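Grab a pen and work through these exercises with the structure open beside you. Each one sets a task and then walks through the solution.

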Amino acid sequence: MRLMIKTDYSGMSEWVAHYVVQKINNHKAETDKPFVLGLPTGSTPLGTYKALIRYCNSGNVSFNNVITFNMDEYVGIPKNHSQSYHTFMWDNLFSKIDIEPENVNILDGNAPDLVKECEDYEHKINAYGGIDLFLGGIGSDGHIAFNEPGSSLSSRTRLKTLNNKTVMDNARFFDEDTSQVPTVALTVGVGTILDANEVLLLVSGHSKALALRHIIEEPINHMWTGSALQLHKKAIIVCDDDATHELRVGTVRYFKELEELNSVQEI
Ligand code: GLP
């Protein structure tokens with residue numbers, strides 16, 4: 001696993017956006033096949049999305065041959081609800097870049113058959129040959145997508161009940177009213193994420209510091225589902241300094257030194 005530590009949120013966001021742009025452009029130079037990009041919601045990726053929009057508008061990247069699959073969606077609120085992940089993605093990214101609407105895939109939390117909706121999502125990902133790069137964030141309890149603590153580390157796309165901590169964390173988007181926060185969601189599984197060719201997690205702020213420690217320094221554990229990334233052949237975590245506060249000084253130095261060596265080799 002690679003841990004990239006940037007000074008602040010802005011540095012983290014810019015680094016990730018630049019990385020995504022390079023991936024899309026390199027892929028385009030090699031093949032006509034679409035680039036398949038997994039995407040998260042949440043406040044953490046917003047800076048990355050802003051930078052991607054900037055890169056797209058300045059002609060440095062095009063999303064016209066990019067297929068996206070979002071990680072998750074709430075069940076129980078309409079698609080056009082201000083806090084649905086559909087609305088979030090269209091408002092914060094898709095409506096501002098040159099992506100074809102039919103290339104956007106987001107789970108439908110209002111589908112008549114939610115189990116089938118999840119199965120179809122897995123089939124569609126496979127039909128495209130899998131996900132090239134899955135971007136993600138983490139919850140303060142270390143969950144990825146909506147794979148709450150205790151989720152199977154081989155789970156696939158499915159319905160998931162959200163725990164109290166996640167509901168409380170997400171109440172900030174629902175006027176701080178926990179009773180308005182959906183308690184069920186559709187989410188890709190940990191196994192679905194691990195199947196991607198590459199996984200990149202963004203981790204920002206003190207509130208994620210304990211989770212980052214469990215993901216980086218502690219053994220793989222279903223109570224911190226992000227720790228499953230230790231099994232992935234190509235996982236990168238990009239964080240800011242604030243998120244490293246629970247890591248050992250030696251761990252921070254170790255990964256910073258590795259990245260310094262990497263950048264020297266890249267020159
Ligand atoms: C929700 C989403 C996750 C996201 C997490 C953190 O639980 N399902 O995909 O990583 O929130 O969100 P934020 O970035 O706002 O802290």
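**Exercise 1: a charged pair**

Arg213 comes out as partly exposed, at 23% relative accessibility (buried is under 20% relative accessible area, exposed over 50%, partly exposed in between, with a 1.4 Å probe and protein chains only). A word on the ground rules: this is a predicted model, where local features need pLDDT of at least 70 and side-chain atom pairs count only at pLDDT 80 or more, while totals for chains, interfaces and linings use all residues. Residues are numbered from 1 along each chain as its sequence is written, and side-chain values use heavy atoms, with hydrogens and water left out.

Task: which side chain meets Arg213 in a salt bridge?

Step 1. Recall the cut-off: a side-chain nitrogen of Lys or Arg lies within 4 Å of a carboxyl oxygen of Asp or Glu.

Step 2. Apply that to Arg213: its partner is Glu218, at 3.5 Å from N to O.

Step 3. Check the partner's cover: Glu218 is partly exposed, with a relative accessible area of 27%.

**Exercise 2: two more salt bridges**

Task: find where the partners of Glu14 and Asp120 sit along the chain.

Step 1. Start with the total: searching the whole structure gives 11 salt bridges.

Step 2. Take Glu14, which bridges to Arg54 with the closest N and O atoms 2.9 Å apart. This pair links distant parts of the chain, 40 residues apart: Glu14 belongs to helix H1 (residues 9–30) and Arg54 to helix H2 (residues 46–57). Helices here are DSSP runs (H or I) of at least four residues, strands (E) of at least two, numbered from the N terminus.

Step 3. Now take Asp120, whose salt bridge with Lys116 has its closest N and O atoms 2.8 Å apart. Here both residues lie in helix H4 (residues 114–127), 4 residues apart, about one turn of the helix.

Step 4. Compare the accessibilities. Glu14 is partly exposed at 29%, and Arg54 is partly exposed at 41%. For the other pair, Asp120 is partly exposed at 35% and Lys116 is partly exposed at 43%.

**Exercise 3: the sheet**

Task: in what order do the strands of the open sheet run, and which ones sit at the edges?

Step 1. Write out the order: 7 strands, E1-E10-E9-E6-E2-E3-E5, with parallel pairing. Two strands pair if DSSP finds at least two bridges between them.

Step 2. Pick out the edges: strand E1 (2–6) and strand E5 (104–105) each pair on one side only.

Step 3. Follow E1 inward. It is joined in parallel to strand E10 (residues 235–240) by 5 bridges, and Met4 stands opposite Val238 in E10.

Step 4. Look at E6. It pairs in the parallel sense with E2 over 2 bridges, and 4 bridges join it to E9, also parallel. Leu37 faces Leu133 of E6, while Leu135 stands opposite Leu200 in E9.

**Exercise 4: the faces of E6**

Task: are the residues on the two faces of E6 buried or exposed?

Step 1. Keep the general pattern in mind: side chains in a regular strand alternate between the two faces of the sheet.

Step 2. Sort the residues: Leu133 and Leu135 are on one side, Phe134 and Gly136 on the other.

Step 3. Read off the result: all four named residues are buried, and both faces of E6 are covered.
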